[in-house]
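Good morning, everyone, and thank you for making the time. Please have the sequence and the model open in front of you, as I will be pointing to residues by name.

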Amino acid sequence: MNISVGKNTLMNKFKLIQLRLTLAAGALLLLSPGRIGAQAPPPPTQTSSPQPSPTASPSPTARPEPGTAEAGRVVVTAEKREQNIQEVPSSISVINDVELDNLHATQLTDYAPYIPGFQVNSAGSPGQTIISLRGLADITSGATVATYIDETPMGSSGIYQRADINELDLLPYDIRRVEILRGPQGTLYGANSIGGLIKYVTIDPSLTAEEFHIGGGISGVEHGDQPGWDAHIGGTVPLANGTFGLRLSYARNDGAGFIDNVVNGEHGINEYNQQAALVGLLWQPNENIRIRFTALGQRIESDNNATVPLNPKTLDPLFGDLTNEIFVNEPYTKNVGLVAATLNLNFGWADLTSATAYLNTRADQRLDVTLNIGELPLVLGFAMPGISGEDLKLNLDKFTQEIRLTSKQDGRFLWQLGAFYTYEHGHQDQFLFIKQMNGEAFPGLPNLFTALLPSTYQEGAAFANASFEFTDRFTLGAGLRFSRNEQSFSQIVSGILGLKTNLPGHSAENVFDYMVAPKFKLGKDQLLYARIATGYQPGGPNISLPGIPPAVKSSTVTSYEAGLKSEFFDHRLLFNIAGYHISWEDIQVSKVVNGEGALVNAGKAETNGVELTTGFEPIKNLRFGINGAYTDATLSNNAPSLEGRAGDRLPNVPVYSASATVDYYFPLPFWRTTAEPPQQVAGYNADGGKNIAAKDGKIVEGETQRAQVAAWNGHVGAGFRWVSSQWSEVESSPTAIRTPSYGAVDLNADVSNGRYTIRIFAKNVTDERAYPTVFSNFNFLTGDVIDALGTPIQPRTVGIEVDCKF
């Protein structure tokens, strides 16, 4: 073929299909490639009920305090001050480091099923996640759940960084706890917290005690040829006479592949690894000054996505169990780097907190779109079809600064005043390519599609929160926040599938949020509360073209919640229940206007639900937990942009979800003593603390020379998680797929003496095959549905972990 003539011929033939392809390309600008459309199990977790076995944390197995269900002892920072979780007028779940270990938690999908109203959608690897709380589904371009590490907001606040599909999915090593706040948190946490907040709380360096830990494990997954493994090491050292502390840690987790490729016969193509490192410095010269510095990094690398082509009608695999059809490998890489400094000053009458942080996030993703567009060369006159892929590159630099003044907690009137500022600069680059089956370029075929979308986001906010205790039983809390954001954006497009453009856009918007929360003590351990709160998801600019609105407004929510938090029988019975109604307005959706992708405000939705968290300890050290959620999330009016009608259920939201857990802790009937010289002896309590020490050949602190190593304790646990059916798109969409309900069982057991811990675990014991994440896959040339792509829950996985603390 003469290249110059061939090129003209190609362009002439291309005009016959340009409209359909231009519409597809316009959608690519705003939609995630191969748009994810469902979620992982969303049941519940109790605030203090451990689960299946672990991989990631330094803590030993914890035994419950005698005669308590522990719930009343859980401390959270949900309102940016330390509080008993049972006294906060809001629905909160907490999972601590021991529970993360027992769950063998390496990603959000490992513990999301045990948390009421919490959905995590996976595209097939850690890091490719969509998170929703209380039914605020992933139908927008931005996140609906905010994520924090300590005092730092993570991810983009804007609408052009794919925040909806790239939420933080942290390898939870050196994490003290994870707090999940349900309902809008706009007054304290600002943008994108309309559904709630996930807050990772890291472990402080110690100023008084040395501690080192090392561990690792191995696991096998059903249908996998190679084992998975993990390793971690860390420690903390006090320096400078107890005024300075250093903490270092590193962890790596390599997940085994269990997906095969029918195209080339390769096995286990979805192997991945996660790496996390943390450096913490703490300086506290006296009780009035405290400065903490944190540097955290995480890297995720995945060879291919864990997806399976399914029959769109029956959801049966097209090529056999756990088998994909991949022509172009789909690697995914994500790097997160965070540097943060927090200053705390005690003025006696109030505490000043200054939190400064710089965040960089980079993600590189490739999707195989051979089945979507691989026949294009045939249409353009070539003899053979091709293989095609789409590359997505995201880069975000973000600076944040918050300063706030918080009253002491020793009076009836508590208050907090603060200011917040953030600036972020992001890049989103998209490339669409097509090659011959041997990997070489088609002669004369020009660039298909390239889009560069640089953007900036700048926000300033002022906030105030206060509460007044009118009586010993009744307290009224309230909060206000004023925010202003300014954004810029450009769309630079080239290639035969898109009109060549270089169009800028700008926007500015003011947002006002409020919160009112009365609470009433029915008794010593029973709290009745109500909460009215608002939140917003920032809008942003569109490109400047006729027929396209210059900007999209913020999405806003108003939530009405009432709940009961209670404990009975000397903290042996925990019963928490909350009901809510959420109104969601000006939902942001993507739309193709005159061949260009744009965002518009289209439609309203509402969510009504109930969440239940229970715990019961009938006898010492035996705990039961039952959690559940009812979530009725529907469109309030017709929404043509979503192909939905009033009353349609929102996607990826099961109406019902539930979980049950049981844990038993017991002493093991053996112990040992040692007769080594005192200077070589160090014993440990069950909680990991040293109980004797030696110096210059003598026992210090008056300890005996006969050192007894702490008794060994055992723990066994089991969990069951269940999720009802859900839709992949809004219910009336012609491509909506209803996924069936499913349930799975997890088991775990461990023994520990404080220094050494050995754990075994089994996830999905019965090897249930369920696809909570499903979306329709289209041929871009014809518009026909090719198949459905589903992400299965983790197949049966069994492993063992060993940890040593010294």
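I will talk about the nonpolar cores and then about the cavities. Please keep in mind throughout that this is a predicted model.

Let me begin with the largest nonpolar core, which has 30 residues, and in which Y111, F118, I149, V178, Y200 and L338 touch the most other members. Several strands give two or more residues to this core, among them strand 4 (118-122), strand 5 (129-133), strand 6 (145-149) and strand 8 (175-182). Apart from it lies another core, this one of 26 residues, including I159, A451, I548 and L599.

Now to the empty space. How many cavities of 30 Å³ or more does a search of the whole structure find? The search finds twelve, and the largest of these has a volume of about 600 Å³. Its lining is made of 40 residues, and those that lie nearest the centre are Q107, T109, D110, Y272 and Q794. If you sort that lining by class, you get 16 nonpolar, 18 polar and six charged residues, and at least two of the lining residues come from each of strand 10 (211-221), strand 11 (228-239) and strand 12 (244-255).

The second largest cavity holds about 400 Å³ of space. It is lined by 31 residues, with M154, G155, S156, S157 and K398 the closest to its centre. Strand 6, which we met in the largest core, gives the largest share of this lining, namely four residues. Here the classes divide into 16 nonpolar, ten polar and five charged residues.

Key:
Residues numbered from 1 in each chain as written. Predicted model: local features only at pLDDT ≥ 70, side-chain atom pairs only at ≥ 80, totals over all residues. Heavy atoms only, no water. Core = buried A, V, L, I, M, F, W, Y, C linked by side-chain atoms within 4.5 Å. Buried < 20%, exposed > 50% of the residue type's maximum accessible area, 1.4 Å probe, protein only. 1 Å grid on protein atoms, 1.4 Å probe; cavity = no way out; pocket = protein on both sides within 12 Å on 5 of 7 lines; lining within 4 Å. Points joined across faces, edges and corners; volume = space filled by probe spheres on them. Nonpolar A, V, L, I, M, F, W, Y, C, P; charged D, E, K, R; others polar.
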